[in-house]
Structure formats: C-alpha cells, structure tokens
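Student: I'd like a close look at one part of this model: the places where chains meet. Could you take me through it slowly, from the overall arrangement down to individual residues?

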Amino acid sequence: MPSEGRRLSYSLRDIAEKLGAQVHGDGNCRIDRVATLSEAGTGAISFLANRRYRPQLLATRASAVILDREFLSACPVSALVVANPYLGYARVAALLASPEPTQAGVHPTACVSGSAEVDASAWVGPKAVVEDDAVVGARTRVGPGCIVARGARVGEDCTLTANVTLCHDVRIGNRVLLHPGVVIGGDGFGIANDDGVWVKVPQLGTVVIGDDVEIGANTTIDRGALADTVLEEGVKLDNLIQIGHNVRIGAHTAIAAGVAIGGSASIGKRCTIGGAAAIAGHLEIADDVHLTATSAVPNSISQPGIYSSGMPVQENRAWRRNVARLRQLDEMAKRIKELEKRLDED
Amino acid sequence: MPSEGRRLSYSLRDIAEKLGAQVHGDGNCRIDRVATLSEAGTGAISFLANRRYRPQLLATRASAVILDREFLSACPVSALVVANPYLGYARVAALLASPEPTQAGVHPTACVSGSAEVDASAWVGPKAVVEDDAVVGARTRVGPGCIVARGARVGEDCTLTANVTLCHDVRIGNRVLLHPGVVIGGDGFGIANDDGVWVKVPQLGTVVIGDDVEIGANTTIDRGALADTVLEEGVKLDNLIQIGHNVRIGAHTAIAAGVAIGGSASIGKRCTIGGAAAIAGHLEIADDVHLTATSAVPNSISQPGIYSSGMPVQENRAWRRNVARLRQLDEMAKRIKELEKRLDED
Amino acid sequence: MPSEGRRLSYSLRDIAEKLGAQVHGDGNCRIDRVATLSEAGTGAISFLANRRYRPQLLATRASAVILDREFLSACPVSALVVANPYLGYARVAALLASPEPTQAGVHPTACVSGSAEVDASAWVGPKAVVEDDAVVGARTRVGPGCIVARGARVGEDCTLTANVTLCHDVRIGNRVLLHPGVVIGGDGFGIANDDGVWVKVPQLGTVVIGDDVEIGANTTIDRGALADTVLEEGVKLDNLIQIGHNVRIGAHTAIAAGVAIGGSASIGKRCTIGGAAAIAGHLEIADDVHLTATSAVPNSISQPGIYSSGMPVQENRAWRRNVARLRQLDEMAKRIKELEKRLDED
C-alpha cells in the first residue's frame with residue numbers, strides 16, 4: 001500500500017509480494033525510491049544485475065538490494081532474491097515512479113480539425129495539430145508540437161511526447177510510446193529510372209504499429225509502397241533508426257540505435273539487433289536471430305543464432321598495414337594454395 | 001479520360017497510350033487502381049519487375065499486368081508490354097493516385113511575417129512559421145509545424161510535408177518534396193582548435209537545392225562555411241542522411257538511408273549510393289559511380305563503376321576467430337612471403 | 001574600430017592586433033568580409049590552412065590573406081602571419097559577421113506556462129512552448145517550434161534555433177547552441193526481458209549539458225536511467241549523432257556526424273571521433289583518443305593515440321573475391337602455420 005504524502009512508499013515485504021521475490025532481512029523497512037548501489041541511502045532500493053558491480057554491493061548503503069541468490073551472502077543489507085534482478089528493478093522502478101501529470105482535453109493553442117475524433121479523456125498539448133478525420137484514443141497524450149495528419153488513427157493510452165509526426169492514415173496501436181522527432185509514414189524511397197532521370201513511385205501503403213511498441217527519438221518509419229509497413233506488438237526501437245517501406249518487424253524484437261533496415265526486409269520475432277547494424281532490403285531474417293553491433297546483413301538468415309560482422313579498432317598504424325592486406329586477400333589465399341601444392345609435389 | 005465519380009478510372013487502352021505500351025488482351029477493361037500481383041482483383045493493374053515474383057504472376061487476379069515481353073506468355077490476364085515495367089508502374093500509379101487535397105491560403109494558426117512573400121496560390125498550414133523576408137512560391141505547400149526562416153526562398157509546386165525546418169536564407173528550387181523532420185541549412189561542423197579549446201568557425205554560406213529534388217525524413221543538410229552546399233536537380237535522398245557543409249551532389253544522384261557525407265565532398269551526376277555508406281570529406285567522386293550498401297570511401301574515385309566495401313555477417317563464433325586474424329593480416333602476408341622464399345631456395 | 005554604415009569594417013592593422021598576428025603589407029587597408037582565396041576581391045580577407053590550396057594563393061585578389069609564415073613569400077597581397085591560420089580565420093569571420101537579429105520577449109504565438117521563468121532579455125519565438133517550471137536564462141533565444149518541457153533549465157546566451165525538443169528536467173549550461181531537430185532527454189533504451197516480452201525500465205535520470213556545447217541537427221541525447229547523461233563543457237557534436245543513456249563525454253571532445261555511442265560509455269576529454277564511428281556501451285575511452293571515421297569500438301581504450309577500423313571501398317569484383325576470403329581467414333592462418341611446420345620438418 002502506498003503511504004500518504006508526496007512520494008509513494010512501500011514496505012519491502014509489499015514489494016517482494018508484487019515481484020514474487022524472497023525477502024531476506026527487514027521486511028518492514030520502507031522503500032520510496034530506486035538508486036544505484038553507490039548512491040543509494042536509507043529508503044532506497046538498488047539492484048545487482050552485472051557481476052562487475054559486486055564491489056559496490058559490499059559497500060552499499062541502500063535499504064535493500066534486488067539480486068540473484070548467488071550474491072545474497074555478499075549483501076550487507078536487506079535483499080530481495082529474484083531470478084532476473086534487472087527485471088525486478090524495472091518493476092520496482094515503475095511502481096515507485098512519480099505518476100506523469102495527467103491532463104485531458106485540448107490545449108487552447110492546439111489545432112484540432114472539426115472532423116477529427118479526440119477521446120474526451122485524451123490530451124492534445126500546446127501547438128499540436130490533429131488534422132481531418134484523425135482519431136485519438138482514450139487517455140492518449142498528444143504532446144506539444146506533435147502532428148497527427150489526416151486520417152491517422154492513434155489507439156488508447158499512447159504517448160506522443162513532443163514534435164512527433166504521424167503522416168496521413170498511419171495506424172498506431174494501444175500503449176505505444178513515441179519519443180520526440182519520430183516520423184511515421186513518410187514516403188518510402190521508391191524511384192524508377194527513366195533514361196537517367198528518376199521518376200517517383202507513389203507510396204500508397206501506410207504504416208501499422210502494434211500494441212506496446214516504443215520508438216526512440218528521431219527514428220523514421222516509411223509508409224509502404226503498395227502494401228503496408230508493419231511493426232508487430234511489443235517491438236522496441238531505439239533512436240535514429242531507419243525502417244524502409246514494406247518492412248515487417250516481428251513481435252518483441254528490439255533494435256538498438258542507428259540501425260538501417262532496407263525496404264521489404266522481413267525481420268522475425270524476438271530478434272535483437274545491435275547498434276549501427278545495416279540490413280539490406282528484400283531479405284528474411286528468422287525468429288530469434290541476434291545480430292551484434294555493426295553487423296552488415298546482405299542476405300537472408302534462416303537459422304536462429306548469433307551473427308556478427310565488423311572490424312574492431314586497432315592502433316592506426318597497425319590498421320593501415322592490415323587494411324592494405326585486405327585488398328590482397330584473394331591473392332594471399334591463392335599463394336597459400338600454391339605453396340601447399342609445391343610442398344605436396346616435393 | 002477519367003470516368004465520373006470518386007475514383008479515377010481509365011481504359012487499359014488509354015493507359016497503354018500514355019505509357020507508350022503495347023496492349024495484349026482486353027483494351028476496354030477499366031482500371032481504377034494499382035495493386036500487388038497477389039492482392040490485385042478486378043479493376044486493378046499490377047506489374048512484374050522482379051523475376052522472383054513470377055509465380056505470383058501465374059496466379060494473379062489483376063485485370064492487367066505491366067511486364068516485360070519475356071513474361072507475356074506466362075501472363076494469365078491482359079498485359080501491357082513495356083521496356084521498364086517498374087517505370088511503367090510508377091507512371092500508372094501516379095495517374096491513378098487520389099489527388100492531394102488542394103488548399104490555398106494561410107491557416108489562421110500559422111504565423112507569417114508581414115515582410116514574407118507568400119504566393120496567393122500557396123498554402124501555409126497550421127502552426128507553420130514563415131519569417132521575415134522569406135518567399136514561398138506558387139502552389140507550394142508549407143505543412144503543419146514547418147519553419148521557413150528569415151530570407152529563405154522556396155520555389156513553386158514544392159511540398160514541405162510537416163515539421164520541416166528551413167534555416168535562414170536557404171534556396172529551394174521548384175517541385176521539391178521535403179519529408180517530415182528534414183533540416184536544411186543548419187550550421188556546418190566548423191571548429192578550429194585553440195590550445196585544446198574549440199572555437200566556432202562561422203558558417204556564412206547557405207544551401208541551394210535544385211528542381212525536382214526529394215529529401216527523406218530527418219535528413220540533414222548543412223549550410224556552407226563560405227561557399228554554398230549544393231544539390232543539383234533531380235537528386236533523391238532517403239531518410240536520416242547527413243550532408244556536410246560545402247558538399248556538392250550532381251544531378252540525378254540517388255542516395256539510400258543512413259549515408260553520411262563529409263564536408264566539401266563532391267559527388268558526381270547519376271551516382272547511386274547504398275544505405276549506411278560513409279564518404280569522407282574533401283574528395284571527389286566521378287559521375288556514374290555506384291557504391292553498394294555499407295561502403296566506406298576515404299579517397300576520391302575517378303572512374304565510373306561499382307565499388308564496395310564492408311564485411312557481411314557470419315555466425316558469431318566464426319566471426320570471432322576470423323576477426324582475430326584480421327589483426328594479424330600483415331604478419332600473415334609476411335609469413336607467406338617467407339614461405340615462398342624458403343621454398344624457392346630449396 | 002568598426003566603421004560607420006551597414007557592414008562592419010576594420011583596418012588590417014586592427015585585425016592583426018586582435019589576432020596577435022604580424023602584418024605584412026598595407027596595415028591601413030579596410031577589411032569588411034571573409035571569402036575563399038578564389039572568390040575574394042577588394043575588401044575581403046582570406047586564409048590558407050591547407051597546402052592543397054597554395055595555387056589559389058598565387059592568384060588571389062583578396063585584400064589580405066591569413067597564413068603560416070611558410071607561405072608568406074608566395075603571397076601576392078597583404079598578409080597576416082599567425083601560427084594557426086584556420087583559427088585566425090575563425091576569429092576574423094566572427095568579428096566581421098553580421099550580428100544576429102536581437103530580440104527579446106515572448107512572441108504572441110508562443111505558449112509560455114505561468115510557472116515558467118523566462119528572463120526579460122530572453123526571446124521565445126513563434127509557436128515555441130515553454131512548459132511549467134521551466135527556466136530560460138538571460139539573452140537566450142528559444143526559436144520557432146522549440147519545446148522546453150516542464151522543469152527544463154536553459155542557461156544564459158543559449159540558442160535553440162528551431163524545432164528543438166528539450167524534455168522534462170534537462171539542464172543546459174550557458175552559451176549552448178542547439179541546431180534544429182535536436183532532442184535532449186528522450187528516454188534511454190532500457191528494457192528488461194520477461195520471458196520473451198520486453199518490460200520498460202523507467203528512465204529516471206536526466207541530461208546535463210555543460211557550457212559552450214554545440215549540438216548538430218537531429219542529434220539525440222538520451223536521459224539517464226538512474227544517474228544522468230553528461231556532456232562536459234566545450235563538447236562539439238555534429239548532426240545525427242546518438243548518445244545513449246548515462247554516457248559521459250569529457251570536456252572539449254568533438255564528434256563528427258553519424259556516430260552512435262552506446263549507453264554508459266565514458267569518453268575522455270579532448271577526444272576526436274570521426275564520422276559514422278560506433279562505440280559500444282559500458283566502456284571507457286581515455287583522454288586524447290582520436291578515432292578515425294567508421295571506427296568500431298567494442299572495448300575500452302586506455303591509452304591516448306589514434307585508432308582506426310573499417311574497410312575502404314574497392315572495385316566491386318575485387319571486393320567480392322576478397323570478402324569471400326574473409327570468411328576463411330582463420331583457416332588461412334592455420335594453413336600458413338601448417339606450411340611452416342612442414343618446411344621446418346624438411
């Protein structure tokens with residue numbers, strides 16, 4: 001039960017119950033915030049999810065720590081034992097978070113078309129624009145400077161934080177969180193060459209975003225050429241990601257910042273894609289594929305697993321020498337073969 | 001001739017005439033939309049531009065298909081034979097597209113300076129800002145949230161979709177299409193080092209965009225330091241591209257998403273640059289150069305042709321082994337040479 | 001002393017004094033603008049900072065040129081001799097730049113919360129939004145379409161050019177310059193996996209930006225998860241850069257466009273990072289590290305120096321052959337070893 005007053009607080013026992021965790025130590029102690037192991041003090045709960053922070057556990061002044069059983073004996077304070085401490089932390093942090101200010105209605109400086117449908121419990125902030133025939137669902141927040149273009153439909157409990165652009169006719173599910181500068185439904189990059197001059201290919205599809213999707217700042221998702229671009233439920237995208245037209249991203253796939261995905265690529269469910277990876281268009285990536293950062297994917301991947309590419313930095317002079325050899329690699333391989341042949345003939 | 005009613009429709013024969021195509025089958029059938037081979041039904045025209053979709057041709061229910069002569073015998077319905085089916089499709093799709101809503105005038109929630117010149121046939125949408133001395137040409141659409149800063153000049157028949165930022169004094173040609181979040185004319189990255197502290201170099205040039213240019217969502221084009229940054233006519237840029245100060249991009253060059261081009265680079269005409277490529281500054285790339293995705297270009301390219309770099313993904317364990325060898329490449333080459341020497345001496 | 005009239009002008013001698021430069025030639029000549037060597041005419045001062053432009057020095061019609069002593073004898077006009085001509089140029093250009101229009105007050109179309117504190121000398125432009133409890137310091141310019149969310153604090157003499165988004169509670173120092181589309185304080189990418197479904201980790205920290213920082217168009221800087229994301233004083237970021245949550249960037253580090261830095265990375269002071277580099281999270285890079293363009297950094301770097309990775313383009317056919325060998329590199333190395341063994345045994 002939250003206590004009275006400005007800040008929420010719970011007993012450690014209450015928190016344990018919500019997490020399905022085991023309490024070790026004082027179940028009655030009050031917890032009102034989360035903090036790092038090194039910064040936590042009385043009233044704060046911390047967590048240990050990464051072995052490298054073990055020394056900080058030994059010195060922590062937190063009231064309690066969420067951790068794996070393995071570290072219980074090293075914990076100098078009360079503890080909650082769970083299987084996945086980072087997940088436990090996520091849950092406690094959400095529990096203790098100050099609630100967002102709740103508002104409803106249309107700010108007097110917003111511009112909402114008479115033909116738009118904005119739920120009475122939704123909020124449209126200052127300088128936001130909701131165009132003709134657009135729909136904004138219950139409890140959804142359209143933040144300052146956001147644009148919901150004609151015919152776009154946004155579900156319930158969504159947040160468009162600020163300066164988000166939804167182009168015409170895109171469809172957004174429920175509980176979708178869009179960070180500033182996100183653009184959904186810009187034209188796909190469709191051009192046909194007519195004797196040296198590019199002719200635009202009309203982009204007639206739209207974008208369909210499933211429930212519980214989160215999209216990071218300045219990420220862009222293009223509308224489909226004929227069919228739609230689709231992000232299934234639970235997809236999580238970081239910042240500055242490019243999703244080309246007609247891409248499909250399977251449910252619960254997570255993609256780190258700076259990734260570019262070419263048009264008509266199909267990404268499976270539960271994949272993870274590391275930062276700055278590049279995925280070509282017109283290919284298929286199976287479910288449960290994990291790409292490490294800077295991976296370049298020119299072809300389909302049909303088997304689950306971990307895949308990688310990219311060249312880690314070296315001291316500049318060594319790199320210069322090695323990179324010169326990269327251009328000779330095929331020749332080197334042939335020389336090895338020739339050497340083997342000569343030795344075999346001896 | 002378009003028929004009466006909400007949706008445009010044409011006879012197949014009319015369409016053939018507009019494309020310069022040969023009709024095979026029923027020239028009188030009515031066409032009112034485009035669709036993919038697998039989704040098309042009566043009234044829809046589809047196209048086959050990629051051999052891999054041939055099986056879908058055999059099963060299509062489209063009223064007609066645009067295709068190369070090679071596939072005519074396999075087509076179960078009426079057909080338009082053309083040399084470039086994708087181009088033919090682009091044209092038909094444009095022909096059949098619902099016209100954009102046409103509007104003129106300044107929305108009451110827009111903010112237009114008294115010293116700006118906005119053509120009477122232009123449209124300035126909700127919450128848009130047109131600053132002092134800016135010019136907006138005939139039939140140009142300045143969408144919601146767009147900013148046309150002081151002294152910027154936009155030509156005729158342009159579209160700034162939404163939340164586009166044109167900085168002061170940039171010059172935009174005619175029929176230019178700018179997607180949401182585009183920034184044209186931010187300061188170039190000019191800094192001079194003064195004993196460990198960076199001093200800003202004023203960016204005094206501007207950006208000049210030619211006719212018929214299209215620029216994708218959240219792409220950024222910096223203003224020149226002294227001279228201007230220039231995109232010639234017909235250049236097509238995808239999303240999240242960075243164009244540094246004083247870059248020149250030749251006419252009809254097309255660049256895919258996520259490319260970064262360093263300052264003062266000069267790119268030729270009719271080039272194509274694949275996604276996530278990186279091009280250093282202060283270099284020249286000839287006309288008709290084609291760079292595949294993820295190419296890294298540290299030096300000038302003087303000959304037309306196809307160029308590539310980048311390392312495709314492998315299964316993670318194999319990559320770890322191979323990438324460790326990358327650091328030994330120069331040493332490996334020397335060992336091969338030594339082996340050859342020893343064998344020659346034998 | 002600036003002369004009367006619309007354009008500032010100085011004598012060459014005055015400029016020399018301000019730069020601490022040696023005058024060669026006519027110290028009385030009037031200078032009213034900067035220009036490139038090839039475009040300069042009477043009244044213009046130019047500079048030579050790159051040996052490759054020496055031929056243009058020989059033919060220049062500038063009134064004066066800023067240069068290194070080495071090139072003095074080749075200079076056909078008056079000259080200012082300095083140790084760092086590019087820095088000298090930066091200073092003169094700033095001296096001669098037309099001052100920004102100065103404005104103060106809140107534009108009637110801006111939306112400023114009653115609980116926000118906007119200094120009387122600050123300017124809030126058209127369609128800008130300043131939310132509850134936000135603070136805007138003296139002489140700071142909040143340009144059109146910018147959003148300063150609740151509780152955000154912006155120091156003195158800052159410029160938010162246009163369409164910048166500052167999320168709630170971020171803290172910006174003095175003399176900070178933010179280009180269009182910058183997003184500061186979007187949520188970090190924190191997700192915890194619960195049996196295949198991602199659970200959001202609340203992002204409770206903020207972003208702290210030091211004095212004299214410049215951030216390029218559409219760059220994104222995420223707020224911290226628990227602690228803060230920090231950019232120290234004098235950091236310079238180009239466009240389309242991603243800074244993950246809890247990153248710390250040391251003073252006077254400069255980063256070129258398209259770089260992605262993973263969460264909790266710590267970058268030293270006075271580093272330079274070339275375009276399109278990718279830096280993993282949870283690592284440390286020492287002071288005075290220089291990464292060339294396209295570098296991929298998976299691990300910490302503890303020593304100052306120049307580091308590189310990436311593969312430069314080759315003609316496509318050669319690349320195809322070489323890249324196929326990349327996958328055999330470990331095997332090639334083993335074959336070399338085997339050859340050496342066989343020869344040794346002979």
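Tutor: Happy to. Chain A falls on chain B after a rotation of 120° with 0.0 Å of shift along its axis, at an RMSD of 0.0 Å (the least-squares fit uses C-alpha atoms of residues with pLDDT of at least 70 in both copies). That is the relation of a three-fold axis. For chain A and chain C, a turn of 120° and a shift of 0.0 Å along the axis likewise give an RMSD of 0.0 Å.

Please keep in mind that this is a predicted model, in which local features need pLDDT of at least 70 and side-chain atom pairs count only at pLDDT 80 or more, while totals for chains, interfaces and linings use all residues. Residues are numbered from 1 along each chain as its sequence is written, and chains are lettered from A and ligands numbered from 1 in the order in which they are written.

Let's start with the side of chain A that touches chain B. Here 63 residues of chain A meet 59 residues of chain B, where contact asks for C-beta atoms, placed from the backbone, within 7 Å. The elements of chain A that give two or more residues are β21 (183–186), β22 (191–194), β23 (197–200), β26 (220–222), β38 (296–297), β39 (305–308), α4 and α5. These labels are DSSP runs numbered from the N terminus, with helices (H or I) of at least four residues and strands (E) of at least two. The largest share on this side, 5 residues, comes from α5(A). By class, the side divides into 33 nonpolar, 21 polar and 9 charged residues; Ala, Val, Leu, Ile, Met, Phe, Trp, Tyr, Cys and Pro count as nonpolar, Asp, Glu, Lys and Arg as charged, and the others, Gly among them, as polar.

Within this interface, one helix pair deserves a look. Helix α4 (residues 316–326) of chain A and helix α5 (residues 329–345) of chain B have axes that come within 7 Å and cross at roughly 60°. Such axes are lines fitted to C-alpha atoms, for helices over the stretch in contact, with angles from 0 to 180 degrees between N-to-C directions. The crossing makes α4(A) oblique to α5(B); under 35 degrees would count as roughly parallel, over 145 as roughly antiparallel, 65 to 115 as roughly perpendicular, and the rest is oblique. From α4(A), A:Arg321, A:Asn322, A:Arg325 and A:Leu326 meet B:Leu329, B:Asp330 and B:Ala333 of α5(B). Those residues comprise 3 nonpolar, 1 polar and 3 charged.

Strands cross the boundary too. β39(A) is joined to strand β40 (residues 314–315) of chain B by 2 bridges, running antiparallel; two strands pair if DSSP finds at least two bridges between them. One bridge partner to find is B:Glu315 in β40(B), opposite A:Tyr307.

Now turn to chain C. On this side, 59 residues of chain A are in contact with 63 residues of chain C. The elements giving two or more residues are α3 (85–96), β40 (314–315), α4 and α5 (329–345) of chain A. Once again α5(A) supplies the largest share, here 8 residues. By class, this side has 31 nonpolar, 18 polar and 10 charged residues.

The helix pair here involves α5(A) and helix α4 (residues 316–326) of chain C, with axes coming within 7 Å and crossing at roughly 60°. These two helices are therefore oblique to each other. A:Leu329, A:Asp330 and A:Ala333 come from α5(A), and C:Arg321, C:Asn322, C:Arg325 and C:Leu326 from α4(C). This contact counts 3 nonpolar, 1 polar and 3 charged residues.

There is a strand pair on this side as well. β40(A) runs antiparallel to strand β39 (residues 305–308) of chain C, with 2 bridges between them. A:Gln314 has C:Ser308 of β39(C) as its bridge partner.

Finally, we can place these elements along chain A. Its domain assignment, of the automatic or database kind, gives domain 1 (10–96), domain 2 (105–307) and domain 3 (317–345).

Conventions. Two residues are in contact if their C-beta atoms, placed from the backbone, lie within 7 Å.
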